[in-house]
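Colleague: Before I plan anything around this protein, could you take me through the model, a few residues and one helix at a time?

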Amino acid sequence: MPETVKETETEKGRGDRQQRHQGSQSSPNVVSLISQFADDNLTLVRITKFQAASEIPARFIEKNVSLRGKVHSITDKGLEVEHIPIHLPVISPLLTKHSGVCSSPLLVHLVGVEMTPEGKEWLQKNLLPAQTVWLKLISREDDILHCLVSQSRGLLWSCCINENILRLGLARTTPITGVQPDSRLYWQLHRRLHRAEVKAERKGLGLWKEDSLWERASKSIRDNALVRLMRRLFKRT
C-alpha cells in the first residue's frame, strides 16, 4: 500500500513538472508565432508612421511592401509624400502619442523614370497636395525611396504614375536603381516600364513627337550656313 501511494505521488510530480515545463515554453512560442505572423503579414502591422527612409525596416523593401501616403509637393528631387500608417483602434493611439507632433515627408523618386520638364509640370497638375497615393517600395538610396507610385481610381482600379508618365511621352526609362540587373524583379519592372515607353514612341507623343515636313524644312533653312551669312549681311545694310 505505501509503495502504491509513493508511485502515485511520483507520477503526479512528474506530471506537474511536465506541465510547468510546457507552461514555461508557451510564452516564447507565442512570441515566436506573433513575430512570424508579423513577417508573413506585413500589411497588417504597418501602423508606425515613417518620417525618413532610414526608419523603414529593410524587410519592407525586400518584400516590396506598399505604403499609403499623402502628397506634399513636387520638387526637382522628386515627390515629397507624408506616410499615412494603417490605423488600428487599439495600437494606433499609443503610437501616435509617442510619435511627436512634427511630421516630415518622405522623399520619393519614380523608379526607372527620368522626367522631362514637361513631366514635372504634369505631375504638379495631376498630383495635388493632400492627394492620396500608394508607394510600392523597390529600393532605398540614402534618404531617397525608389518606388512605383500609384493613384487609386475607384475601388477596383489604380493608375501607376511611372507607367502613365512614360505612356504620355513625358519621361524616359532608366536603369532600375538598387535592384540587381540579373534579378527577376529587375526584368519585370524593366519590361513593364519599357512597354509604356514604346507606346508613346509609336504614337509620337511628348518627347517622341516628330516635326512635320514644313517644320523640318524650316529648321533646315534656318540652320543653313549660307542663309545665316545672308542674314548677317542684310542686318549690316
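Colleague: Leaving aside its neighbours within four places in sequence, which residues is H146 in contact with?

Modeller: This is a predicted model, and in it H146 lies in strand β6, which covers residues 144-152. Leaving aside neighbours within four places in sequence, the residues in contact with H146 are H109, V111, K136, L137, I138, S139, E141 and T177.

Colleague: Is H146 buried or exposed?

Modeller: The cut-off for a buried residue is a relative accessible area under 20%. The relative accessibility of H146 is 5%, and therefore H146 counts as buried.

Colleague: With which side chain does the side chain of H146 make a polar contact?

Modeller: H109 is among the residues in contact with H146. At a distance of 3.4 Å, the side chain of H146 makes a polar contact with the side chain of H109.

Colleague: I144 lies in strand β6 too; what distance separates its C-alpha atom from that of H109?

Modeller: Leaving aside neighbours within four places in sequence, I144 is in contact with A53, L107, H109 and S139, and with a relative accessible area of 21% I144 is partly exposed. I144 and H109 are 35 residues apart along the chain, and their C-alpha atoms are separated by 6.8 Å.

Colleague: Turning to H83 in strand β2, which residue has its backbone nitrogen 2.9 Å from a polar atom of the H83 side chain?

Modeller: H83 counts as buried, at 3% relative accessibility, and the residues in contact with H83, leaving aside neighbours within four places in sequence, include T48, K49 and F50. The side chain of H83 reaches the backbone oxygen of T48 at 3.5 Å. The backbone nitrogen that lies 2.9 Å from a polar atom of this side chain belongs to F50.

Colleague: Why do the buried residues of helix α4 line one face of the helix?

Modeller: In α4, which runs over residues 117-126, the buried residues are G119, W122 and L123. An α-helix has 3.6 residues a turn, so residues three or four places apart point the same way. Seen down the axis of α4, its buried residues line one face because they fall within an arc of 100 degrees.

Colleague: Which exposed residues does the face of α4 turned away from its buried side carry?

Modeller: The buried residues of α4 are covered by elements that include β1 (66-74), β2 (79-83), β3 (106-110), β4 (113-115) and α5 (161-167). On the face turned away from that buried side, the exposed residues are P117 and K125.

Colleague: Which residues that line the second largest pocket are the closest to its centre?

Modeller: The second largest pocket holds about 200 Å³ of space, and β3, β4 and α4 each supply at least two residues of its lining. By class, this lining has 6 nonpolar, 4 polar and 4 charged residues. Of the 14 lining residues, those closest to the centre are T75, D76, K77, G78 and M115.

Colleague: For the chain as a whole, what percentage of the residues count as buried?

Modeller: The secondary structure of the protein chain comes to 8 helices and 8 strands. Among contacts with a separation of 6 or more, 65% are between residues 24 or more positions apart. Of the 237 residues in the chain, the share that count as buried is 28%.

Conventions: Residues numbered from 1 in each chain as written. Predicted model: local features only at pLDDT ≥ 70, side-chain atom pairs only at ≥ 80, totals over all residues. Heavy atoms only, no water. Buried < 20%, exposed > 50% of the residue type's maximum accessible area, 1.4 Å probe, protein only. Helix = DSSP H or I, 4+ residues; strand = E, 2+ residues; numbered from the N terminus. Arc of directions from axis to C-beta. Contact = heavy atoms within 4.5 Å. 1 Å grid on protein atoms, 1.4 Å probe; cavity = no way out; pocket = protein on both sides within 12 Å on 5 of 7 lines; lining within 4 Å. Points joined across faces, edges and corners; volume = space filled by probe spheres on them. Nonpolar A, V, L, I, M, F, W, Y, C, P; charged D, E, K, R; others polar. Polar contact = N/O pair within 3.5 Å; in protein donor to acceptor, adjacent residues only side chain to side chain.
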